Amino acid sequence: MLKKILPNKIHIIGSVGSGKTTLARELSSQFNIPFYELDNVVWKRNGGHGEIRRTEKEREDYLNSLIASDNWIVEGVHNEEWVSNSFRNAEIIIFLDTNYSVRLYRIIKRFILQKLRLEKSNYKPTLKIFIKMFKWNRYFEEVGKPNFYSKFGNYGDKILVVTNKKEIERYFN
């Protein structure tokens, strides 16, 4: 039996609450590969003192510097043109197609845990952001997912679509 070669360049995409960051963190720990959140490529975080949006050029240059290394995990909801080099250079693209109601539950759970300061957050968990997450979740379902397949579906041979954690474990074990 052939031994499966583990990928060194992994791009994880999915909606809000699909489990992208959790999976990236787990794979990063398991395979000793650094992981990067696309939200932190878009935003310069100022340690609780707000955030500044990077220019398009800064964002693209920053992402390209990350994916120029030999191993990385990039995760995020983004599938616009500026992210295309990451999809192109990834050895595997994991598309988390988590059930819509599961994502809704996770958005609510995350907000509560962040408000109780039991879960760390890169942003201030306000009611405004909480409501936006539901909108972003719906938007991903209606626009983001079809957009991903129309733009990057040609990478089909390296796209792994998963709906639950067991499928991920089956792939990597």
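Which residue stands opposite isoleucine 13 in β6? Phenylalanine 95 takes that place, and the sections below set this pair in the sheet to which its strands belong.

## Basis of the model

This is a predicted model, in which local features need pLDDT of at least 70 and side-chain atom pairs count only at pLDDT 80 or more, whereas totals for chains, interfaces and linings use all residues. Residues are numbered from 1 along each chain as its sequence is written, and side-chain values use heavy atoms, with hydrogens and water left out.

## The sheet

Five strands make up an open sheet with parallel pairing, in the order β2-β5-β1-β6-β7; strands (E, at least two residues) and helices (H or I, at least four residues) are DSSP runs numbered from the N terminus, and two strands pair if DSSP finds at least two bridges between them. The edges are held by β2 (35-37) and β7 (159-162), each of which has a single partner strand, so one side of each is left without a neighbour in the sheet. On average, neighbouring strands of this sheet are turned by 20° against each other, direction ignored, where the axes are lines fitted to C-alpha atoms and angles run from 0 to 180 degrees between N-to-C directions. Strands of a sheet pair, in general, through backbone hydrogen bonds, either parallel or antiparallel.

Starting from the β2 edge, three bridges join β2 to β5 in the parallel sense, and tyrosine 36 has valine 74 as its bridge partner in β5. Five bridges connect β1 and β5, again in parallel, with histidine 11 opposite valine 74. Strand β1 (residues 9-14) also pairs with β6 (residues 92-96) over five bridges in the parallel sense, and here histidine 11 stands opposite isoleucine 93. Towards the other edge, β6 and β7 run parallel over four bridges, with leucine 96 opposite valine 162 in β7.

## Two covered strands

Strand β5 (residues 72-76) is mostly covered, since five of its five residues are buried, that is, under 20% relative accessible area, as against exposed at over 50% and partly exposed in between (1.4 Å probe, protein chains only). Trp72, Val74 and Gly76 point one way from β5, while Ile73 and Glu75 point the other way, and all are buried. Strand β6 is likewise mostly covered, with five of its five residues buried; from this strand Ile92, Ile94 and Leu96 point one way and Ile93 and Phe95 the other way.

## Salt bridges

The count comes to eight salt bridges, each defined as a side-chain nitrogen of Lys or Arg within 4 Å of a carboxyl oxygen of Asp or Glu. Among them is the pair of lysine 44 and glutamate 58, whose side chains meet at 3.5 Å, N to O. This pair links distant parts of the chain, with lysine 44 in strand β3 and glutamate 58 in helix α3 (residues 56-67), 14 residues apart. Lysine 44 is partly exposed at 31% relative accessibility, and glutamate 58 is partly exposed at 34%.

Asp97, Arg103, Glu141 and Lys145 are linked in a network of salt bridges. Within this network, aspartate 97 bridges to lysine 145, with the closest N and O atoms 2.8 Å apart; because aspartate 97 lies in the loop between β6 and α5 and lysine 145 in helix α6 (residues 127-152), the pair ties together parts that are 48 residues apart in sequence. Lysine 145 is buried, with a relative accessible area of 14%. Glutamate 141 forms a salt bridge with arginine 103, the closest N and O atoms being 2.7 Å apart, and since glutamate 141 belongs to helix α6 and arginine 103 to helix α5, this pair ties together parts that are 38 residues apart in sequence. Glutamate 141 is partly exposed at 25% relative accessibility, whereas arginine 103 is buried at 1%.

## Arginine 45 and a nonpolar patch

Arginine 45 is found in strand β3 (residues 43-45) and is partly exposed, with a relative accessible area of 26%. Leaving aside neighbours within four places in sequence, arginine 45 is in contact (heavy atoms within 4.5 Å) with Asp39, Asn40, Gly50, Glu51, Asn122 and Tyr123.

Isoleucine 112, in helix α5 (residues 100-115), is partly exposed at 44% relative accessibility.
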